[in-house]
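Work through these exercises with the sequence and the 3D view side by side. Try each task before you read its solution.

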Amino acid sequence: MILVSSCLAGLEVRYNATHSLNHKIRQLVDEKKAMTVCPELLGGFSTPREPTEIIGGDGEDVLDGRARVIEKSGRDVTDLYIKGAYLTLETAQEYDAAVVVLKEFSPSCGSSMIYNGTFQGEKVPGNGVTAALLKRNGIRVVSEEGFSDLLRELGY
């Protein structure tokens, strides 16, 4: 089983109630070869919601208590991000997910790049909270940008 970010399957769950549809991911979900997950919704957020960024590091730092996830207005929502990450990990383990495909740049799902915490659209290398937790637990995480390579590797 492959777990995929819900927004990549066309569900309008991003912070601004939009999606980031990847047609091949949607096809795999329709064929029951992949299932959707949204760490933010699992953590307790609704859609739409205020934009958030990690302040003081990346998802690794959030998990280690050295950084926080903050809404643009200043509210600390770190606990909701951590809760969503752990529930996503439980889902991945329950379904024995071989790989998880997450939305790049998200403070939850970014698997190689995230926004830098200034809310100016600037990106830096790093993992989101969920991506960091999944990787710590030995689960392979790729972004939608690495998805084509993954499909070739899996023979899809």
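**Exercise 1: the sheet**

Task: Find how strand S5 and S8 pair, and place S5 in its sheet.

Solution. Strand S5 covers residues 99-102 and pairs with S8 in the parallel sense over 4 bridges. Strands and helices here are DSSP runs, numbered from the N terminus: a helix is H or I with at least four residues, a strand is E with at least two. Two strands pair if DSSP finds at least two bridges between them. This is a predicted model, in which local features need pLDDT of at least 70 and side-chain atom pairs count only at pLDDT 80 or more, while totals for chains, interfaces and linings use all residues. Residues are numbered from 1 along each chain as its sequence is written, and side-chain values use heavy atoms, with hydrogens and water left out.

Step 1. Look at single positions. Val-100 stands opposite Val-141 in S8. Leu-102 has Ser-143 as its bridge partner in S8.

Step 2. Turn to strand S1, residues 2-5. S1 and S5 run parallel and are joined by 3 bridges. Leu-3 has Val-100 as its bridge partner in S5.

Step 3. Write the order. The open sheet has 4 strands, S2-S1-S5-S8, with parallel pairing. Strand S2 (34-37) and strand S8 (140-143) each have a single partner strand, so one side of each lacks a neighbour in the sheet. From one strand to the next, the twist averages 25°.

**Exercise 2: the two sides of S5**

Task: Which residues of S5 point one way, and which the other way?

Solution. Start from the rule. In a regular strand, side chains alternate between the two faces of the sheet. Now apply it to S5. Val-99 and Val-101 point one way, Val-100 and Leu-102 the other way, and all are buried. Buried means under 20% relative accessible area, exposed means over 50%, and partly exposed lies in between (1.4 Å probe, protein chains only).

**Exercise 3: helix H5 and the core**

Task: Describe how helix H5 packs and what H5 gives to the largest nonpolar core.

Solution. Step 1. Find helix H5, residues 129-136, which packs on the sheet and touches S5 and S8. Its direction makes about 165° with that of S5. Axes are lines fitted to C-alpha atoms, for helices over the stretch in contact, and angles run from 0 to 180 degrees between N-to-C directions.

Step 2. Check the burial. Of the 8 residues of H5, 6 are buried. They are Val-129, Thr-130, Ala-131, Ala-132, Leu-133 and Leu-134. Gly-138 follows H5 and has a positive phi, near 80°.

Step 3. Find the core. The largest nonpolar core has 25 residues, and Val-100, Val-129 and Leu-134 are among those with the most contacts inside it. Such a core is a set of buried Ala, Val, Leu, Ile, Met, Phe, Trp, Tyr and Cys residues joined through side-chain atoms within 4.5 Å. Helix H3 (59-63), helix H4 (78-94), S5 and H5 give two or more residues to this core. H5 gives the most, with 5 residues.

Step 4. Look for another core. A second, separate core of 17 residues includes Ile-2 and Leu-150.

**Exercise 4: a buried serine**

Task: Is Ser-108 buried or exposed?

Solution. Ser-108 is found in the loop between S5 and strand S6 (113-115). Its relative accessibility is 1%, so Ser-108 counts as buried. Leave aside neighbours within four places in sequence. Ser-108 is then in contact (heavy atoms within 4.5 Å) with residues including Tyr-81, Val-129 and Thr-130.

**Exercise 5: aromatic pairs**

Task: How many aromatic pairs does the rule give?

Solution. Rings of Phe, Tyr and Trp (its six-membered ring) pair if their centres lie within 6.5 Å; planes under 30 degrees apart count as stacked, over 60 as edge-to-face and the rest as tilted. The count comes to 2 aromatic pairs.

Pair one. Phe-45 and Tyr-81 are 5.3 Å apart, centre to centre, with 65° between the planes, and form an edge-to-face pair. Phe-45 and Tyr-81 are 36 residues apart in the chain. Phe-45 is buried, and so is Tyr-81.

Pair two. The ring centres of Phe-105 and Tyr-115 are 6.1 Å apart and the planes are at 55°, so this pair is tilted. Tyr-115 has 28% relative accessibility, so Tyr-115 counts as partly exposed.
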